[in-house]
Structures are given as C-alpha cells and as structure tokens.
Amino acid sequence: RILILDFGSQVTQLIARRVRETGVYCEIFPFNTDPARIKDFDPKGIILSGSPHSVTTEDGPRAPDIVWESKLPVFGICYGEQTMCQQLGGKVEGSDHREFGRALITVKQETPLFEGVWKPGGEYQVWMSHGDRVVSLPAGFEVVAVSDGAPFAAIANVKDKRYAVQFHPEVVHTPDGARLIANFVHNVAGCKGDWTMAAFRDAEIAKIRQQVGKGRVICGLSGGVDSSVAAVLIHQAIGDQLTCIFVDHGLLRGGEAEQVVALFRDHYNIPLVHRDASDLFLGELAGVSDPEVKRKTIGRLFIEVFEEEAKKLGGADFLAQGTLYPDVIESVSFTGGPSVTIKSHHNVGGLPERMRMKLVEPLRELFKDEVRALGRELGLPEKMIRRHPFPGPGLAIRIPGDITREKCEILRKADAIYLDEIDRAGLYDKIWQAFAVLLPVRTVGVMGDGRTYDYVCALRAVTSTDGMTADFYPFEPQFLGRVATRIVNEVRGINRVVYDYTSKPPGTIEWE
Ligand code: XMP
C-alpha cells in the first residue's frame with residue numbers, strides 16, 4: 001500500500017485514483033497526521049502532494065520527519081518536490097516567472113521512474129502549475145528532466161529511491177503521468193498490484209461478518225448506485241440479517257420505485273420494506289417554494305418515516321450507509337475555517353446521529369468508479385450501475401417554486417423523453433448528469449389553430465468527474481431541436497423548451 005500525504009492541493013484525490021488504477025491500495029492522510037498513524041498504516045512508499053502554499057514562507061507545511069527517517073521510497077509532486085528539496089538541504093526560491101499550463105520537458109537521463117515511458121533526449125508534454133522553483137539540489141540528487149521554466153522539472157536520488165517532479169503527473173494533461181505514477185508504485189516502491197475488486201469484495205464480506213456478528217442491520221435504499229451496491233454486498237455477507245427500507249417520497253422519476261422493488265425483492269430476494277409516503281411528503285410540501293425549506297422538510301420527513309419503519313421492524317443494531325471515500329477524506333483546507341475539515345455524508349442528514357446506531361459503511365474506502373466496478377463484480381444490472389447521480393430530494397429541487405402532483409407528472413414525462421433521446425444518441429455515458437427542470441413560468445405559444453399558455457421546461461446536461469465542478473454538455477442544435485419538438489408535442493402542460501448553458505461554477509448542477 002501507498003500513503004499519500006496531502007498538503008492541500010485541489011487534485012490530491014486524483015493521485016489516489018491513479019495509484020489505485022495500478023492495482024495498489026492507497027490512502028490520503030493530511031501532512032500533519034500523527035507519525036504513529038503513518039507507522040501503523042505501514043506503507044511501502046509515500047507520495048507528497050502539491051499545495052497552494054509556498055515553501056519559502058515560515059509557516060508552509062512540511063513533511064513529518066518520519067517520511068525521511070523511514071527510508072521509504074518517496075515521490076514528491078510539485079510542492080512535494082519543493083519541500084523534499086528544502087527539507088533535505090536544497091534550496092527553493094520564489095520566482096517572477098509563474099509557469100502554468102502545458103509545458104514541454106526534455107528528458108536527460110534514464111531512471112526507474114521513466115522506464116518504458118520516457119527516453120533520454122525525448123520531449124514530452126506535462127502540466128505545470130507553480131510559482132516557486134528549486135534552485136539547488138540536496139546531496140545525492142540529479143536532474144533527470146528539464147523544462148524552460150523549471151530547470152529541475154524532474155529530479156532523482158536513485159540510490160535512496162527518492163524522486164520528485166515539478167509538474168503534475170496525476171492530471172490528464174500530462175498524458176504519460178499515470179504511467180510514471182505506476183512506475184513509482186511498482187518499480188520503485190515494489191508494490192505488486194493485486195488490489196482488485198474481487199479481492200476487495202471478499203475482504204469486505206469478511207469484515208462485515210466480523211463487525212455485525214449475529215446483529216441486525218437496516219439499510220436505506222434510494223435507488224441510486226451507492227446504496228444499492230452497499231445493500232447487495234452486505235446481503236452477500238450476512239443474508240437476511242439485513243432488511244432494506246425504501247422510503248418512496250413520490251419525487252422519483254417515472255418507473256423508479258417499481259425498479260427498486262423488482263430488483264431487490266424479486267431478483268435478489270433481499271427483505272425490503274417499501275413505504276409509499278408520497279401523500280405525506282407532497283402534503284407537507286404543498287405551497288412551500290423556498291428551496292431550503294423544501295430540502296429541510298424532505299430531510300425531516302425522511303428521517304421520521306425511516307424511524308417509524310425501523311421501529312415496526314423491532315429496531316436493529318446497525319445502520320448501513322453507502323458513504324464513499326470522497327465523503328470521508330480528511331482534506332487539508334487552507335481557505336479559512338479549521339485547517340482540517342472532515343466532510344460528512346449529507347444525504348440522509350442527521351439520520352445516524354438521531355438513531356444512535358452503529359454504522360456499517362462498506363464503501364468508505366472507494367471512489368465512485370470503484371463502486372461501479374464493485375457493482376459489476378456483484379452482478380448488479382449494468383443499467384443501474386451506469387445510472388447518473390440523482391439527488392436525495394429528487395424532483396422537488398427540479399421544480400422551482402411550489403410542488404404539486406400535477407407538476408411532478410409533467411416533469412416526469414419531459415424528463416423521460418429527454419433521457420430516451422440521450423440514450424438513443426449514444427450520449428448517456430458521456431454525460432455526468434442530464435435532467436429536465438420544470439420552470440414556474442408560463443409563456444404563450446401556438447399549437448394548431450389555438451393559443452397555448454403553458455410551462456417552460458429547461459434541459460440541463462453536464463460533464464464532470466466529481467460533481468464539484470461541471471461543464472455544460474455541448475449538444476448539436478439538431479439534437480436539442482428534436483428533444484424540444486418531442487416534449488412540446490408529447491407532454492401536455494409544456495409549450496416551450498430552453499437549454500441551460502451554464503457551467504459550475506458559477507451555476508450549480510441542480511437548479512435549487
Ligand atoms: P449541485 O447542484 O450542488 O450538485 O451542483 C452537485 C451534485 O450533488 C447532487 N445534489 C444532491 N445530492 N442530496 C443529494 O443526495 C442533495 O440534497 C443534493 N443536492 C445536489 C447533484 O445532483 C449533483 O450531482
């Protein structure tokens with residue numbers, strides 16, 4: 001396993017993704033983690049991340065001494081290179097020349113880091129993003145690649161297995177970056193690369209059995225990938241000690257509730273409580289148009305109904321959740337607030353605290369794409385695995401203004417047509433999330449010989465890797481025209497369709 005020490009870079013998670021793609025398990029710890037914890041983790045190599053900080057200031061973060069005392073192989077990236085140099089006796093200076101974006105580097109020497117990827121004399125594209133630069137090397141190091149802006153673009157101390165690069169190998173703009181990281185992990189640190197989803201599944205099943213014993217577990221199902229994969233995995237581990245509770249708030253897309261019931265109850269034979277609470281939710285939401293009040297109302301009712309159903313089952317010892325690794329990484333934040341923030345799972349807002357139950361979270365160590373791979377390993381249907389994310393509050397936050405059953409029906413039909421066309425055009429997997437929004441605005445139109453006065457429907461589609469930032473999807477005008485025609489022709493209540501060209505930031509993905 002590999003340890004990644006985080007100095008607060010925006011892209012530290014990408015380093016972890018690249019390492020895991022090589023079949024090696026890794027975790028991200030903040031740079032100021034207790035050395036005892038690093039020792040316990042027992043890594044075979046350490047990667048130092050980038051940082052928004054400068055090593056030239058007194059208070060810039062430093063790698064703990066244990067990194068150097070351990071004699072483990074170390075790979076410094078960007079800030080990681082600078083702090084490695086400075087801590088080992090080299091020199092780093094601020095520079096007027098900021099190097100940002102694509103750059104070409106020239107390889108000077110062969111090293112185990114470049115093996116099979118880069119050759120001496122070759123020029124290769126990398127992604128740079130730095131202000132400071134190394135001006136003199138610590139003893140034992142050599143320059144192995146240079147660029148115009150960074151005479152120390154890559155350095156190596158082959159004997160001590162310490163390597164560092166000024167550029168970012170973890171981002172896609174460094175086309176060979178993933179292979180360099182693989183070289184560090186396999187060639188330099190000597191990791192085998194036998195961390196597979198099948199191995200993860202078996203290990204996790206053993207862990208769940210040990211944690212749960214003869215206890216009873218309840219799991220909230222939403223119809224999304226994460227809770228589904230968690231439920232199937234737990235069921236494989238402990239069978240009918242698991243019961244799933246599916247709270248149907250009446251704000252799902254067409255056919256979704258039926259699919260959940262068919263898959264879990266009929267196909268997997270997992271004990272499932274399906275509570276149709278749409279009257280309760282839509283009743284309480286009637287006349288509510290403030291987005292925050294909507295979210296809070298839905299969150300509160302969800303917990304109430306869930307608790308009620310759990311009580312009917314006679315309670316349980318554990319609550320299972322599909323929490324993912326990005327929700328639990330202790331990320332280093334230098335932008336105000338406490339220096340170390342721990343993000344918590346917000347989907348079921350407060351459920352675990354309220355119910356005071358022990359948690360079973362078998363996906364805590366996985367990224368989204370790894371959850372999908374695990375889902376495949378568990379035999380979940382491809383359609384469910386590929387599904388776009390869908391927010392907990394459902395259609396409620398895609399109907400700005402107040403919500404009625406009628407509006408939900410209109411939106412469901414428009415959304416289904418839009419997704420059907422996306423699927424037919426073979427675009428579903430190229431898009432992170434696509435959905436229709438029903439605006440609380442009526443406009444005038446003409447159909448046949450008559451005047452219409454109906455709602456406007458907005459279409460949204462974005463690409464993203466994690467939902468934190470997103471770009472609008474650039475559909476062909478013909479495609480949008482086809483969808484608009486179908487929606488206006490087939491959905492009574494909508495007479496105008498518009499497309500949302502906003503990226504995130506400054507927009508958010510959802511409209512509320
Ligand atoms: P925004 O709209 O903030 O959304 O750009 C980012 C991602 O989060 C999803 N989202 C939610 N998911 N509960 C959820 O489970 C919520 O309250 C919620 N709000 C937004 C959104 O669909 C997108 O994938």
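These are my notebook entries on a predicted model of a chain with a ligand.

**Entry 1: confidence**

I started with how far to trust the model. The mean pLDDT of the chain is 92. I also noted that 96% of its residues reach 70 or more. For the complex, the predictor gives an ipTM of 0.98 and a pTM of 0.82.

Then I looked for a weak stretch. Over residues 335–348, pLDDT stays under 50. The model has 16 contacts beyond four places in sequence for this stretch. Where pLDDT is low, the predicted coordinates should not be read in detail. I left that stretch alone.

**Entry 2: the mixed sheet**

Next I traced an open sheet of 9 strands. I wrote down the order as β2-β1-β3-β4-β11-β10-β9-β6-β7, with mixed pairing. Strands β2 (26–30) and β7 (123–130) are the edges, and each pairs on one side only. On average, neighbouring strands are turned by 25° against each other, direction ignored.

I zoomed in on one edge. Strand β1 (residues 2–6) runs parallel to β2, and 5 bridges join them. Ile4 has Ile28 in β2 as its bridge partner.

Which helix did I find packed on this sheet? I found α4 (residues 79–87), which touches β3, β4, β10 and β11. The direction of α4 makes about 120° with that of β4.

**Entry 3: the annotated site**

I checked the UniProt record, an unreviewed entry. It places the feature "active site" at Cys78, His168 and Glu170. Why do they count as one spot? They span 93 residues in sequence, yet no two of their C-alpha atoms are more than 10.8 Å apart, so they gather there. I located Cys78 in the loop between β4 and α4.

**Entry 4: the parallel sheet**

I then followed an open sheet of 5 strands, all in parallel pairing. The order reads β14-β13-β12-β15-β18. The edge strands are β14 (272–276) and β18 (358–360). From one strand to the next, the twist averages 25°.

I counted 5 bridges between β13 (residues 242–248) and β14. Cys244 stands opposite Leu272 in β14.

Two helices went into my notes here. Helix α7 (residues 225–238) packs on the sheet and touches β12, β13, β15 and β18. Its direction makes about 160° with that of β12. Helix α10 (residues 291–312) also packs on the sheet, touching β12, β13 and β14. The direction of α10 makes about 145° with that of β13.

**Entry 5: the ligand**

Last, I looked around the ligand. How many residues surround it? I found 12, and Pro391, Gly392, Thr508, Ile509 and Glu510 come nearest. By class, this shell has 4 nonpolar, 5 polar and 3 charged residues.

Technical notes: Residues numbered from 1 in each chain as written. Predicted model: local features only at pLDDT ≥ 70, side-chain atom pairs only at ≥ 80, totals over all residues. pLDDT = per-residue confidence, 0-100. Contact = placed C-beta atoms within 7 Å. Near = placed C-beta within 6 Å. Nonpolar A, V, L, I, M, F, W, Y, C, P; charged D, E, K, R; others polar. Pairing = 2+ DSSP bridges. Helix = DSSP H or I, 4+ residues; strand = E, 2+ residues; numbered from the N terminus. Axes fitted to C-alpha atoms, helices over the stretch in contact; angles between N-to-C directions. UniProt positions renumbered as here; feature names shortened; annotations may be inferred.
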